[in-house]
Amino acid sequence: MTLVILSVLGAVVALDATSFGQLMLSRPLVAGTLAGAIVGMPREGALIGALIEVLSLGILPVGAARYPETGTAAVAAVGSMGLAGINAGPELLLLVLAWGLIWQRLFGITVVAERYLNERLVHAGEELTRNDLHDRIERWHLTSMSVDLLRGALMTAIAIIIGAPVLRLAVTASALPELAATLGIGAAAAAVLMGTARVVGESRALLALLGAGAALGSLLLWVR
């Protein structure tokens with residue numbers, strides 16, 4: 001039942017990204033937190049979602065550009081973590097983050113395939129009369145949304161079914177020290193910082209605020 005609920009969430013997140021709604025449910029921070037709440041790990045889900053979120057800040061989903069789908073990947077990663085049934089130490093969080101980054105690329109490939117399918121649907125109706133075109137466009141739109149919904153559900157389910165045993169095996173077999181995992185997460189955070197700086201631009205005031213925020217965040221982590 002948990003897998004079904006996560007698959008439904010993945011479907012809604014995939015639909016929200018472009019096809020319908022665009023209510024920001026597809027942002028990794030939101031999607032990861034919701035998936036974490038479903039599996040009983042809201043804090044870990046929010047953390048993974050936040051890491052995927054900031055790692056994707058430099059991605060600009062404009063026009064027909066190819067880009068990874070981060071929201072459904074966050075659901076898949078957090079869902080795999082929850083169903084793996086393993087304590088969420090630093091080494092697990094690092095593996096979950098890597099799993100999410102892999103699947104966001106795979107989800108992006110399915111988006112491209114769906115675009116080709118939509119293109120074929122449009123070309124199939126080029127010979128229609130003007131009166132029939134309105135009804136056909138409406139059916140195309142509903143069909144493409146249905147395909148998007150099914151794609152999100154199916155891919156999320158596949159990612160979680162594969163991911164749960166893979167993460168369980170990886171954590172059990174891995175001898176990765178906690179310090180190394182923590183440093184890996186820190187390295188990811190550093191990459192996030194550089195990506196955010198690129199998005200901010202060359203404004204000295206904004207870069208100063210960004211640096212101050214990073215310094216305060218590091219201080220809080222050190223005090224803790």
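Which residues in helix 2 meet helix 3? Keep that in mind as you open this predicted model and take the stops below in order.

**Stop 1: helix 2 and helix 3**

Select residues 28-38 for helix 2 and residues 42-55 for helix 3. Their axes come within 7 Å and cross at roughly 160 degrees, and angles over 145 degrees count as roughly antiparallel, so helix 2 and helix 3 are described that way. The crossing is right-handed. Now show side chains: Pro28, Leu29, Gly32, Thr33, Gly36 and Ala37 are the helix 2 residues that answer the opening question. Across from them, helix 3 offers Pro42, Gly45, Ala46, Gly49, Ala50, Ile52 and Glu53. Sorted by class, this contact has seven nonpolar, five polar and one charged residues.

**Stop 2: helix 1 against helix 2**

Next, add helix 1, residues 2-17. Helix 1 packs against helix 2 at an angle of about 165 degrees, with the axes 10 Å apart, which makes this pair roughly antiparallel too. Here the crossing is right-handed. From helix 1, pick out Thr2, Ile5, Leu6, Leu9 and Val13; from helix 2, pick Ala31, Leu34, Ala35 and Ile38. The residues of this contact divide into eight nonpolar, one polar and no charged.

**Stop 3: Met24 in the loop**

Follow the chain into the loop between helix 1 and helix 2, where you will find Met24. What is the phi of Met24? It is near 70 degrees, a positive value in a residue other than glycine. Most residues other than glycine have a negative phi.

**Stop 4: Arg43 and Glu44**

How many salt bridges does the structure hold? There are five. For one of them, select Arg43 and Glu44, whose closest N and O atoms are 3.6 Å apart. Arg43 is exposed, with a relative accessible area of 62%, whereas Glu44 is buried at 16%.

**Stop 5: the network around Arg151**

Jump to Arg151, which forms a salt bridge with Glu114 at 2.9 Å between the closest N and O atoms. This pair links distant parts of the chain: Arg151 sits in helix 6 (residues 130-173) and Glu114 in helix 5, 37 residues apart. Both Arg151 and Glu114 are buried.

Now add Asp148, whose side chain meets that of Arg151 in a salt bridge of 2.7 Å, N to O. Asp148 and Arg151 are three residues apart in helix 6, so about one helical turn separates them. Asp148 is buried as well. Include Glu69 to see the network of salt bridges that links Glu69, Glu114, Asp148 and Arg151.

**Last stop: Thr110**

Finish in helix 5 (residues 90-123) at Thr110. Thr110 is buried, with a relative accessible area of 18%. Leaving aside residues up to four places away in sequence, Thr110 touches Arg151 and Met155.

Definitions and conventions:
Residues are numbered from 1 along each chain as its sequence is written. This is a predicted model: local features need pLDDT of at least 70, side-chain atom pairs count only at pLDDT 80 or more; totals for chains, interfaces and linings use all residues. Side-chain values use heavy atoms; hydrogens and water are left out. Axes are lines fitted to C-alpha atoms, for helices over the stretch in contact, and angles run from 0 to 180 degrees between N-to-C directions. Helices (H or I, at least four residues) and strands (E, at least two) are DSSP runs, numbered from the N terminus. Angles under 35 degrees count as roughly parallel, over 145 as roughly antiparallel, 65 to 115 as roughly perpendicular and the rest as oblique. A crossing is left-handed if the near helix is turned anticlockwise from the far one by less than a right angle, and right-handed if clockwise. Contact means heavy atoms within 4.5 Å. Ala, Val, Leu, Ile, Met, Phe, Trp, Tyr, Cys and Pro count as nonpolar, Asp, Glu, Lys and Arg as charged, and the others, Gly among them, as polar. Buried means under 20% relative accessible area, exposed over 50%, partly exposed in between (1.4 Å probe, protein chains only). A salt bridge is a side-chain nitrogen of Lys or Arg within 4 Å of a carboxyl oxygen of Asp or Glu.
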